[in-house]
Amino acid sequence: QVQLVESGGGLVQPGGSLRLSCAASGILLRFSALNWYRQVPQNPRELVAGMSIDGSTNYADSVKDRFTIIRDKDKNTVYLQMNSLKPEDTAVYYCNVNIPGTSIDYWGQGTQVTVSS
């Protein structure tokens with residue numbers, strides 16, 4: 001059974017940093033495509049950052065140069081390092097694991113990030 005357990009969300013002031021974690025069990029992240037999405041109420045989920053199996057990354061323009069997706073193969077965990085946070089980054093953040101070549105997706109439970117003074 002695949003489980004993705006997220007942690008690291010919370011309240012932070014503008015300009016601050018947070019590191020989200022997504023610990024996986026039942027699946028090896030080194031063989032998967034990894035993504036972080038975020039969602040605010042009444043809006044669809046937005047892709048924030050992604051990493052392919054080969055380690056190549058992509059980012060939404062709104063977070064480029066501020067967010068970094070990191071894969072730790074030893075800990076089987078994917079992180080989202082978020083720096084220079086802005087109020088508009090406030091959302092529920094979800095990790096997503098996709099099996100390449102399939103429609104198989106797994107999701108974390110979501111973690112709230114609130115950026116406010």
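**Exercise 1. Placing Q42 and N76**

In which loop does Q42 lie? Determine also where N76 is found, and state the accessibility of each residue.

*Solution.* The structure is a predicted model, in which local features need pLDDT of at least 70, side-chain atom pairs count only at pLDDT 80 or more, and totals for chains, interfaces and linings use all residues. Residues are numbered from 1 along each chain as its sequence is written, and side-chain values use heavy atoms, with hydrogens and water left out.

Step 1. Helices (H or I, at least four residues) and strands (E, at least two) are DSSP runs, numbered from the N terminus. Q42 lies in the loop that joins β4 (33-39) to β5 (46-51).

Step 2. Buried means under 20% relative accessible area, exposed means over 50%, and partly exposed is in between (1.4 Å probe, protein chains only). Q42 counts as exposed because its relative accessibility is 84%.

Step 3. N76 is located in the loop between β7 and β8 (77-82). N76 counts as buried, since its relative accessibility is 14%.

Step 4. Consider the backbone angle phi. For Q42, phi is near 70°, a positive value in a residue other than glycine. For N76, which is also a residue other than glycine, phi is positive and near 50°.

**Exercise 2. The overall form of the protein**

How many helices and strands does the protein have? Describe its dimensions, its contacts, its surface and its charges.

*Solution.*

Step 1. The secondary structure comprises 0 helices and 11 strands. The radius of gyration (taken over C-alpha atoms) is 13 Å, close to the 13 Å from the globule rule (2.2 Å times the number of residues to the power 0.38) for 117 residues, so the protein is as compact as a globular protein of that length.

Step 2. The C-alpha trace spans about 40 × 25 × 25 Å along its principal axes.

Step 3. Of the 117 residues, 42% are buried. A contact means heavy atoms within 4.5 Å. Among contacts with a separation of 6 or more, 53% are between residues 24 or more positions apart.

Step 4. The accessible surface (Shrake-Rupley method, 1.4 Å probe; for residues, only the protein chains shown count as cover) is about 6200 Å². Carbon and sulfur atoms hold 48% of that surface.

Step 5. For the charges, Lys and Arg count as positive and Asp and Glu as negative, while His and the chain ends are not counted. The place of a charge is NZ of Lys, CZ of Arg, CG of Asp or CD of Glu. The mean positions of the 10 positive and 10 negative charges are 3 Å apart.

**Exercise 3. Two arginines**

Which side chains make polar contacts with the side chain of R38? Carry out a similar analysis for R66.

*Solution.*

Step 1. R38 belongs to strand β4 and counts as buried, because its relative accessibility is 7%.

Step 2. A polar contact is a pair of N or O atoms within 3.5 Å; within protein, one must be able to donate a hydrogen and the other to accept it, and residues adjacent in sequence count only if both atoms are side-chain atoms. The R38 side chain makes such a contact with the side chain of S62 at 3.4 Å and with that of Y93 at 3.0 Å.

Step 3. Beyond its neighbours within four places in sequence, R38 is in contact with residues including E46, V48, F67 and D89.

Step 4. R66 is placed in the loop between β6 (57-59) and β7. R66 counts as buried because its relative accessibility is 9%.

Step 5. The side chain of R66 makes a polar contact with the side chain of D89 (2.8 Å). A polar atom of the R66 side chain also lies 2.9 Å from the backbone oxygen of S84.

**Exercise 4. D72 and G10**

Which residues does D72 touch, not counting those up to four places away in sequence? Examine G10 likewise.

*Solution.*

Step 1. D72 is in strand β7 (residues 67-72) and is partly exposed, because its relative accessible area is 22%.

Step 2. With residues up to four places away not counted, D72 touches T77 and Y79. A polar atom of the D72 side chain lies 3.0 Å from the backbone nitrogen of K75.

Step 3. G10 lies in strand β2 (residues 10-12) and is partly exposed, with a relative accessible area of 24%. Leaving aside neighbours within four places, G10 is in contact with L18, Q112, V113 and T114.
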